[in-house]
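I opened the notebook to look over this protein chain before going back to the bench. I want to record what I looked up, one topic at a time.

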Amino acid sequence: MAEGISFEGISSDTDLIVWSREYCRRVRRERGISVRFDLVDWEVSHRAKRRAAAVKRPKLDDAAVGERYDWDSVGGSDGRPLPCTVSLTWDAFSAFDRDAWEATLRHELIHVEQYQRDGTTDHGRSFRKRAAQLDTDIHCPAFTDPKHVLTCTACGDLVARRYQDCKLVEQHEQYRSDCCGASLELG
């Protein structure tokens, strides 16, 4: 329970932010996440359809995951990381149970931790290692149905979900699956 709000009692953007922020603070204390919450803003999106949450941050051209960023080189930062924003998607929160939402928040905390240390973030090797430590997924689960699903014709595995028409959808016969090298089936 965060500041008197139960997970089941979340009914507004403010409630969602308060509960999620307090959960993240608890994870920081219990799991040793190195995040400065005074440099994190929070918002709720009612438009996002494909991402459960996201960390919005400035793009720093010379930043690389695994290399501590020199925040002193950024004018006006006083050596501190520039602020970032955790954007929570209301529809994902509404579709997920508590365990899935908590896993989503732990996923985003990894991005914040990487960004504040390295100036950027990704889903690479160090992210995967940290995700295993925090018992979360590399990619958050889907919470809306895609317009198109592409599968491998050899083994039937999911290759891609697409929420709008794109080159992969329109020219799927020109692509091959990574799993079997087989053609793609559009469903």
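I took contact to mean heavy atoms within 4.5 Å. With that in hand I looked up Arg 28, which touches Ile 33, Val 35 and Phe 37 when residues up to four places away in sequence are not counted. I also noted that what I have in front of me is a predicted model.

**Entry: the whole chain**

I went through the secondary structure and found 5 helices and 6 strands in the protein chain, which follow the pattern α-β-β-β-α-α-α-β-β-α-β when read along the sequence. The C-alpha trace spans about 50 × 45 × 30 Å along its principal axes.

I then looked up burial and found that 44% of the 187 residues of the protein chain count as buried. Among the contacts with a separation of 6 or more, 65% are made by residues 24 or more positions apart.

For the surface, I noted that the protein chain exposes about 10,300 Å², with 42% of that area supplied by carbon and sulfur atoms. Counting charges, I found 28 positive and 32 negative side chains, and the centres of the two sets lie 2 Å apart.

**Entry: helix α1**

How many residues does helix α1 have, and how far does it reach from its first C-alpha to its last? The helix runs over residues 13–31, which makes 19 residues, and it reaches 26 Å, close to the 27 Å expected at 1.5 Å a residue.

I listed the buried residues of α1 as Asp 15, Leu 16, Ile 17, Val 18, Trp 19, Ser 20, Tyr 23, Cys 24 and Val 27. Looking for what covers them, I found that the cover includes β1 (40–45), β3 (84–89), α2 (90–95) and α3 (98–118).

Arg 28 is found in this helix as well, and I put it down as partly exposed because its relative accessible area is 27%, a value that lies between the limits of 20% for buried and 50% for exposed. As a check on distance, I looked up Arg 28 and Arg 162, which are 134 residues apart in sequence and 34 Å apart in space, C-alpha to C-alpha. Just after α1, Gly 32 takes a positive phi of about 70°.

**Entry: helix α4**

I turned next to helix α4 (residues 125–133), whose buried residues are Phe 127, Arg 130 and Ala 131. Seen down the axis of α4, these buried residues fall within an arc of 105°, so they line one face of the helix. I set beside this the general point that an α-helix has 3.6 residues a turn, so residues three or four places apart point the same way. The face of α4 turned away from the buried side carries the exposed residues Arg 125, Lys 129 and Ala 132, while the cover over the buried residues includes α1 and α3.

Is Arg 130 buried or exposed? I had to look this one up separately, and Arg 130 is buried, because its relative accessible area is 16%, and buried means under 20%. Leaving aside its neighbours within four places in sequence, Arg 130 is in contact with Arg 31, Gly 32, Ile 33, Ile 110 and Glu 113. I marked Gly 32 in that list, since I had already noted its positive phi just after α1.

**Entry: loops and the segment before α1**

α4 is followed by Asp 135, which lies in the loop between α4 and β4 (148–152). The phi of Asp 135 is near 55°, and I flagged it as a positive value in a residue other than glycine. Asp 135 counts as exposed because its relative accessibility is 57%.

Asp 61 lies in another loop, between β2 (53–56) and β3, and is exposed, with a relative accessible area of 72%. I also looked up Asp 61 against Arg 51, and the two are 10 residues apart in sequence and 24 Å apart in space, C-alpha to C-alpha.

Lastly I checked Ser 6, whose place is in the segment before α1 and which is partly exposed, with a relative accessible area of 28%. The C-alpha atoms of Ser 6 and Cys 84 are separated by 26 Å, with their positions 78 residues apart along the chain.

Definitions and conventions: Residues are numbered from 1 along each chain as its sequence is written. This is a predicted model: local features need pLDDT of at least 70, side-chain atom pairs count only at pLDDT 80 or more; totals for chains, interfaces and linings use all residues. Side-chain values use heavy atoms; hydrogens and water are left out. Helices (H or I, at least four residues) and strands (E, at least two) are DSSP runs, numbered from the N terminus. The expected span of a helix is 1.5 Å times one less than its number of residues. Buried means under 20% relative accessible area, exposed over 50%, partly exposed in between (1.4 Å probe, protein chains only). The arc is that of the directions from the helix axis to the C-beta atoms. Accessible areas come from the Shrake-Rupley method with a 1.4 Å probe; for residues, only the protein chains shown count as cover. Lys and Arg count as positive and Asp and Glu as negative; His and the chain ends are not counted. The place of a charge is taken as NZ of Lys, CZ of Arg, CG of Asp or CD of Glu.
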